[in-house]
Amino acid sequence: MKKMLAILLILALVLSVAACGKKKPDASADSSDSVGTTEAVSANTENTEESEETAPPHTHSYTSQITTATTCEKDGVKTFSCACGDSYTEPLAATGHSWDVWKNADEVGYLTRSCENCGNTETKEGYLEMNVLSIGNSYSQDAQRYLNQIAAADGFDLQVANLYYSGCSLATHYSNMQNGNAAYNYDINGATSGPKISLEEALEKQDWDVVTLQQVSGDSPDYSTYQPYLDELVAYVRTYAPNAKIVIHQTWAYEKGSWKLDGAGYGKTENGKMLEDIKATIAQAAQDVNADYVIPSGELFGKLLENNITALYRDSYHASFGIGRYALGLLWYRALTGNHVANNTFADFSEPITDEQVAAIKLCVTEIAAKHGL
């Protein structure tokens with residue numbers, strides 16, 4: 001029995017020693033396995049990055065929509081969006097008011113007008129009236145023939161006077177000014193009135209709001225014929241009518257084929273060249289005397305001809321009694337008052353003008369006036 005116990009004790013001791021001699025797991029091996037896993041993940045990441053680098057880049061494709069509408073007074077916003085979620089905005093400028101003509105307000109001594117787009121109204125003190133004097137000749141006479149009546153159709157009292165002296169140049173106006181010559185017919189609203197008067201007498205007749213000056217048509221393309229006469233005349237006007245605006249009237253070129261083109265130093269087909277020279281000299285004249293603006297009658301005739309409205313002349317250089325004078329009157333009315341002509345109803349012409357021609361003339365007047373900021 002004792003032997004058996006001794007054998008079992010020895011066997012238990014041997015097993016215990018064997019268990020203690022076993023190797024523990026190698027921590028460094030675990031670490032190696034961990035590093036290996038990390039490297040594999042890193043490699044996979046690098047492969048992914050390489051895959052992303054080789055893929056084609058995204059190109060934005062934007063669609064736009066107005067997210068805030070413009071008004072006459074407030075800016076709007078246009079938003080551009082891509083399917084990827086990217087977006088940006090651009091401002092849209094306020095449209096500004098489109099005013100109709102000034103009208104008498106309910107209260108005496110005030111004027112009112114409305115915006116054709118938003119309906120807003122504004123009011124100011126004043127009356128629908130203006131006094132205009134032209135130091136001119138037959139060309140300003142043509143321009144003024146219908147002017148008072150065109151304005152009256154809009155309820156505007158536009159009193160226009162023309163110092164008429166046939167073929168009068170700036171040099172002749174200057175001579176008349178210096179000598180006090182009573183050389184002019186005094187035309188009021190397109191009709192001759194009273195005895196001949198001097199330039200000084202005309203300037204003292206009214207508190208003029210506007211005084212227009214022009215060169216005789218044959219000299220209009222040649223700026224050497226303007227000075228020193230224009231400077232002296234403008235200084236004289238500013239002495240007698242200090243509150244008047246100074247406006248230069250741009251005359252028109254002669255009709256193609258006119259004998260007058262030869263006399264002005266052009267070939268009979270060079271009316272376009274004559275107009276370009278007139279535009280250049282008038283621009284220089286307006287700059288030299290610091291004019292308030294130019295009435296571009298010559299450019300209007302050019303635009304009308306481009307639109308196949310050809311019945312502009314009555315003798316190859318003066319304006320025709322119908323279309324020519326009517327177009328000039330509309331342009332002067334727009335330039336002087338700032339009022340739009342599209343809805344003007346005047347139609348008492350000396351020669352027939354069709355409704356289609358009236359509409360085309362109004363479009364040309366509007367385009368030329370807008371070009372000059374009138």
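Visitor: Let's fix terms: buried is under 20% relative accessible area, exposed is over 50%, and partly exposed is in between. Where does Arg314 fall, buried, partly exposed or exposed?

Guide: Arg314 has a relative accessible area of 32%, so it counts as partly exposed. Keep in mind that this is a predicted model.

Visitor: What does Arg314 form a salt bridge with?

Guide: Asp142. The closest N and O atoms of the two residues are 3.0 Å apart.

Visitor: Which parts does that pair tie together?

Guide: Asp142 sits in helix H3, residues 138-144. Arg314 sits in the loop between helix H10 (297-306) and helix H11 (323-337). The salt bridge therefore links parts that are 172 residues apart in sequence.

Visitor: And Asp142, buried or exposed?

Guide: Buried, because its relative accessibility is 0%. So Asp142 is buried, while its partner Arg314 is partly exposed.

Visitor: How many salt bridges does a search of the whole structure find?

Guide: Nine. One of them joins Lys273 and Asp277, with closest N and O atoms 2.9 Å apart.

Visitor: Where do Lys273 and Asp277 lie?

Guide: Both are in helix H9, residues 271-288. They are four residues apart, about one turn of the helix. Lys273 is partly exposed, because its relative accessible area is 44%.

Visitor: Which residues do salt bridges with shared partners join into one network?

Guide: Asp142, Arg314 and Arg325.

Visitor: What about Glu122, which side chain does it meet in a salt bridge?

Guide: That of Arg113, at 2.7 Å from N to O. Glu122 has 28% relative accessibility, so it is partly exposed.

Visitor: Changing topic to cysteines. What does the disulfide count come to?

Guide: Zero. Take Cys72, which is in no disulfide. The nearest cysteine sulfur belongs to Cys115, 3.7 Å away.

Visitor: Why does 3.7 Å not count?

Guide: The cut-off for a disulfide is a pair of cysteine sulfur atoms within 2.5 Å. The Cys115 sulfur is 3.7 Å from that of Cys72, so the pair fails that rule.

Visitor: Is Cys72 buried or exposed?

Guide: Buried, as its relative accessible area is 10%. Cys168 is also buried, with a relative accessibility of 0%.

Visitor: On to the surface. Which residues gather in a patch of negative charge?

Guide: Glu129, Asp157, Asp207 and Asp209.

Visitor: Pick Asp157. Where does it lie?

Guide: In strand E8, residues 157-164. Asp157 has a relative accessible area of 34%, so it is partly exposed.

Visitor: Now the backbone. Where is the peptide bond cis?

Guide: From Gln227 to Pro228, with omega near 10°. Pro228 is in the loop between E11 and H7.

Visitor: Why flag that bond?

Guide: Because most peptide bonds are trans.

Visitor: What else is in that loop?

Guide: Gln215, between strand E11 (210-213) and helix H7 (229-240). Gln215 is buried, because its relative accessible area is 1%.

Visitor: How far from Ile248 is Gln215, C-alpha to C-alpha?

Guide: The separation is 9.1 Å. Along the chain, Gln215 and Ile248 are 33 residues apart.

Visitor: How far apart are Lys103 and Gly155?

Guide: In space, 6.9 Å, C-alpha to C-alpha. In sequence, 52 residues. Lys103 is in strand E4, residues 103-104. That lysine, Lys103, has 40% relative accessibility, so it counts as partly exposed.

Visitor: Back to odd torsions. What phi does Asn189 have?

Guide: About 50°, so to speak on the positive side. Most residues other than glycine have a negative phi.

Visitor: Where is Asn189 found?

Guide: In the loop between strand E9 (185-188) and strand E10 (191-192). Asn189 is partly exposed, because its relative accessible area is 22%.

Visitor: And what phi does Asn308 have?

Guide: A positive one, about 60°, although Asn308 is not a glycine. Asn308 lies in the loop between H10 and H11.

Visitor: Buried or exposed, Asn308?

Guide: Exposed, because its relative accessible area is 68%. Arg314 is in the loop between H10 and H11 too, and Arg314 is partly exposed at 32%.

Key: Residues numbered from 1 in each chain as written. Predicted model: local features only at pLDDT ≥ 70, side-chain atom pairs only at ≥ 80, totals over all residues. Heavy atoms only, no water. Patch = residues over 30% accessible without salt bridge, like charges linked within 9 Å, V, L, I, M, F, W, Y side chains within 5 Å. Areas by Shrake-Rupley, 256 points an atom, 1.4 Å probe, with all protein chains shown as cover. Salt bridge = Lys/Arg side-chain N within 4 Å of Asp/Glu carboxyl O. Lys, Arg positive; Asp, Glu negative; His and termini not counted. Charge placed at Lys NZ, Arg CZ, Asp CG, Glu CD. Helix = DSSP H or I, 4+ residues; strand = E, 2+ residues; numbered from the N terminus. Buried < 20%, exposed > 50% of the residue type's maximum accessible area, 1.4 Å probe, protein only.
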